[in-house]
Amino acid sequence: MTNLVNTFRFARLPVATDTFRTEVKAFLNSYADTTPADVRARSWTGFNADFSRKLAARGWVGIALPSEYGGANLDAFSRFVLVEELLAVGAPVSAHWIADRQSGQLILKYGTEAQRRFYLPKICAAEAFFCIGMSEPNAGSDLGSVSTRAIRKEHGWQLNGRKIWTTNAGNCQYMIALVRTSGTPDDRHRGLSQLIVDLSLPGVTVQPIKDLSGDAHFSEVFFDDVVLGDDAMIGAEGNGWEQVTAELAFERSGPERLYSSIVLLDCWIEYLRLSGTGAAHVAQIGRFATHLATLRNMSVAVTSQLARGASPVVAAALVKDLGTEFEQSIPAVIEAAICANPSDAIDAELYRTVVYLSQIAPTFSLRGGTREILRGMIARGLGLR
Amino acid sequence: MFVEAIERILKDQCSPAVIRSIEGGGGSSSVLWNSIADAGFLDLLMPDEMGGAGLDLADLYPVLAVLGRYAIPLPIAQSIAARALLAPHTVVPTGLFTLAPSCHRIGERIVCSLTPFGMLADHVLVDDDGCLLMLACANAERTHTGVPRSQVATLSWPKDAPALSIVGQGAAVQTFAAAIYAGLISGALFRVFEMTLQYANDRSQFGKSIGKFQAIQHQISVMAEHVAAASIAAEAAFQGGGGLPQLLPSAMAKARTGEAAILVASIAHAVHGAIGVTEEYDLQLLTRRLHEWRMAHGSEDYWNAVVGRHVLASQLPTVTDFVRLANQEALNVKEAALLATSSPISRLKGLA
Ligand SMILES: Cc1cc2nc3c(=O)[nH]c(=O)nc-3n(C[C@H](O)[C@H](O)[C@H](O)COP(=O)(O)OP(=O)(O)OC[C@H]3O[C@@H](n4cnc5c(N)ncnc54)[C@H](O)[C@@H]3O)c2cc1C
């Protein structure tokens, strides 16, 4: 049962990814120079369709999808490099992020040929953005209790209910929703299916929700007698739980769970260099670098498993839990450090960045599965439950 | 294959009873030492032509981890490192080597304070202000720390004691020491984790295994995270074809494993309850060493500061670039140069 821990063996990215990395760096170079740190800190919650289209023009949206559907057909290691470079500078990747990371993969794996031909090229061109319709007001961690319901009609489905916390719902064309197609919430994992919902249809209402920092990246989405065609069903009816589990594996296994606060860390280091006040903080800076290096190695180990065709669900949960703790520690430490002496001047950009991240940091260990849920998964992987 | 062979020896010759007798001062260490030395395992890193096994650095990591797993009470890892450091420069004497964290001239004496295995070692290697210094313990004064069962000692010599000094090779001692203690710690952490998982399944309270309680499950999950992090951090110190561990990965390895040591040891004891702190139960053989090894040659406070100074001095645009390149065997010079020419990302103006 200790196998889980043994899977974290040191691995290198293939040398071939170096050239790709250089191309991505060249593409991103001017972005970082011209965008304030507090804007870049929003990275994968920063919606910017233009940026996504520019990336798509380089062939870098849906890069892991097969070329026959418009993808770049690159391996898991190249995706790692792209994601790492984008997040390292806080590029605004949110618009296409979910489609690239999970919706496209889900459609590729479970969709019909017609669905693949319809959606995947649009994803790769950054013309179709997707959101995740899992959570509901009464179904958070306990996802099996969703009650949004689709009823069979002659030529499709009639959808009623609501989703909440849906990132980017107001800016996306499509949602992949986990809904009940038979039974009651007491039937738990049985009777769930996934539907692709065109958010422009009559009966869909999106109500943005503001967060504590003033942003409104997530929404509540209401469905009132929304009429969907037969082709809205993705995968088999009743197979929703298995599919959503596979989707969450795509969601959790990338390196994005390490870098949420990295723009702030770089901003602070730059400030210390310029002000010549770094000496007092070398151990703290070194600790962050040590942790980042280690988490990154763990993430590469998970990526190597993905590249071998495995589905390292529990290993990914382990990295995510450790990674979000690291992400949360960065604003906590920097907040204290920059205010260690009340008479010191504080750079305004650094201040805005640390305040934003301190406010938003609690979400890092909520979105994509809470800390407690991940620790439960690890315990199960260790045979304790 | 070396790992399996060494593990076979350890299984027979490094039982908890043997460890207790060696560290208690009563038992002889020669059976365990000789079975490892006679099999040639001290020269794993020496090139074939010098009679060694010519092992790649990367293959040394599992050997160190298995030594840590068995709570090795002798300076085997230190001797492997010392022999590899000395071989290019001199004929290496036989006997137990240890590495000392520091060397000071105090009055008329040379002092290596708090030297791991100082009570047992025949020779000490230390960084003497940039020179690699080898001193024989036969003519050293050994002062025990007073900590029961500890083999740590402060060693001192008259300032004109015979010593071998090799110019310019001193810094390698601390780097190698950081890497080997990281390897040992990661192996010991893994064993502590196994014991704790087993105990959580075996021990029953309130009518069920304590491992069924969510609070215990979550503590053990956290333990698994840190054991995994520590082992990959330690392994990263043994990469590259240079033959010796490099500074930054070794610094990160010692820092990360040291941090994990304290957390994992405390969770292990919490889960074990009172039995875990008894002399009779084997957990203490490992957790006492975790603390000792964490403190040996600088704790994470020291090594993180080493890393931090390099980050601050670095010309790379992001910390992500820094850790990626630090992890490579040696900085890939071409890429480092390329990155250094791109402009730094921050445009902070405040105090510039
Ligand atoms: C920024 C952000 C973006 C999001 N985006 C999306 C999105 O795009 N689509 C989507 O579907 N969802 C999204 N979510 C929702 C997210 O998936 C949920 O917040 C998460 O699953 C937790 O659900 P909850 O908030 O209802 O908390 P709850 O499940 O009510 O949990 C509250 C607390 O109870 C604990 N708890 C619950 N069950 C257990 C248990 N069995 N054992 C121990 N502790 C337990 C939790 O760990 C937590 O600490 C987003 C959330 C955030 C913060």
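User: What makes Glu325(A) and Arg375(A) a salt bridge?

Analyst: In this predicted model, the side chains of Glu325(A) and Arg375(A) come to 3.8 Å, N to O. The cut-off is 4 Å between a side-chain nitrogen of Lys or Arg and a carboxyl oxygen of Asp or Glu, so a value of 3.8 Å qualifies. The pair links distant parts of the chain: Glu325(A) is in helix α11 of chain A and Arg375(A) in helix α13 of chain A, 50 residues apart.

User: Which salt bridge do Asp321(A) and Arg375(A) form, and what does the pair tie together?

Analyst: The side chains of Asp321(A) and Arg375(A) meet at 2.7 Å, N to O. That is within 4 Å, so the pair is a salt bridge. Asp321(A) lies in helix α11 (residues 313-338) and Arg375(A) in helix α13 (residues 371-381) of chain A, so parts that are 54 residues apart in sequence are tied together.

User: Why is Arg375(A) called buried or exposed?

Analyst: The relative accessibility of Arg375(A) is 14%. Buried means under 20%, so Arg375(A) counts as buried. Asp321(A), at 0%, is buried by the same cut-off. Glu325(A) has 34%, which falls between 20% and 50%, so Glu325(A) counts as partly exposed.

User: How many salt bridges does the structure hold, and what allows such pairs?

Analyst: Over all chains there are 37 salt bridges. Side chains of opposite charge can pair when their charged atoms come close.

User: What makes Asp43(B) and Arg83(B) a salt bridge, and where are they?

Analyst: The closest N and O atoms of Asp43(B) and Arg83(B) are 2.6 Å apart. This is within 4 Å, so the pair is a salt bridge. Asp43(B) is in the loop between α3 (30-38) and α4 (57-69) of chain B, while Arg83(B) is in helix α5 (residues 76-86) of chain B, 40 residues apart. Asp43(B) has 16% relative accessibility and Arg83(B) has 10%. Each value is under 20%, so Asp43(B) and Arg83(B) are both buried.

User: Which residues do salt bridges with shared partners join into one network?

Analyst: The network is made of Arg21(A), Lys25(A), Glu84(A), Glu85(A), Arg296(A), Asp321(B) and Arg324(B).

User: How do you know that chain B touches chain A?

Analyst: Contact means heavy atoms within 4.5 Å, and 65 residues of chain B are in contact with 68 residues of chain A. The area buried between the two chains is about 5,500 Å², and carbon and sulfur atoms give 63% of it.

User: How many salt bridges and polar contacts are counted between chain B and chain A?

Analyst: The count is three salt bridges. One of the salt bridges in the model joins Arg9(A) to Glu235(B), with the closest N and O atoms 2.7 Å apart. Residue pairs in polar contact across the interface number 16, both residues at pLDDT 80 or more.

User: Which helix supplies the largest share of the side of chain B that touches chain A?

Analyst: α7(B) does, with 16 residues. By class, this side of chain B has 32 nonpolar, 20 polar and 13 charged residues.

User: Where does the ligand lie, and which residues come nearest?

Analyst: The ligand lies between chains A and B. Of the 16 residues around the ligand, Ser135(A), Ser141(A), Trp165(A), Thr370(A) and Glu372(A) come nearest.

User: What makes Ser141(A) a polar contact of the ligand?

Analyst: An oxygen atom of the ligand is 2.6 Å from an N or O atom in the side chain of Ser141(A). The cut-off is 3.5 Å, so this distance qualifies. A polar side-chain atom of Thr370(A) lies 2.7 Å from an oxygen atom of the ligand. For Thr167(A), a side-chain N or O atom is 2.8 Å from a nitrogen atom of the ligand.

User: Why is Tyr69(A) called buried or exposed?

Analyst: Tyr69(A) has 4% relative accessibility, which is under 20%, so Tyr69(A) counts as buried. Tyr69(A) is found in the loop between α4 (49-57) and α5 (76-88) of chain A. Beyond its neighbours within four places in sequence, the contacts of Tyr69(A) include Leu108(A), Arg116(A) and Cys124(A).

How values were computed. Residues numbered from 1 in each chain as written. Chains lettered and ligands numbered in written order. Predicted model: local features only at pLDDT ≥ 70, side-chain atom pairs only at ≥ 80, totals over all residues. Heavy atoms only, no water. Buried area = accessible area lost by both parts, 1.4 Å probe. Polar contact = N/O pair within 3.5 Å; in protein donor to acceptor, adjacent residues only side chain to side chain. Helix = DSSP H or I, 4+ residues; strand = E, 2+ residues; numbered from the N terminus. Nonpolar A, V, L, I, M, F, W, Y, C, P; charged D, E, K, R; others polar. Near = heavy atom within 4 Å. Buried < 20%, exposed > 50% of the residue type's maximum accessible area, 1.4 Å probe, protein only.
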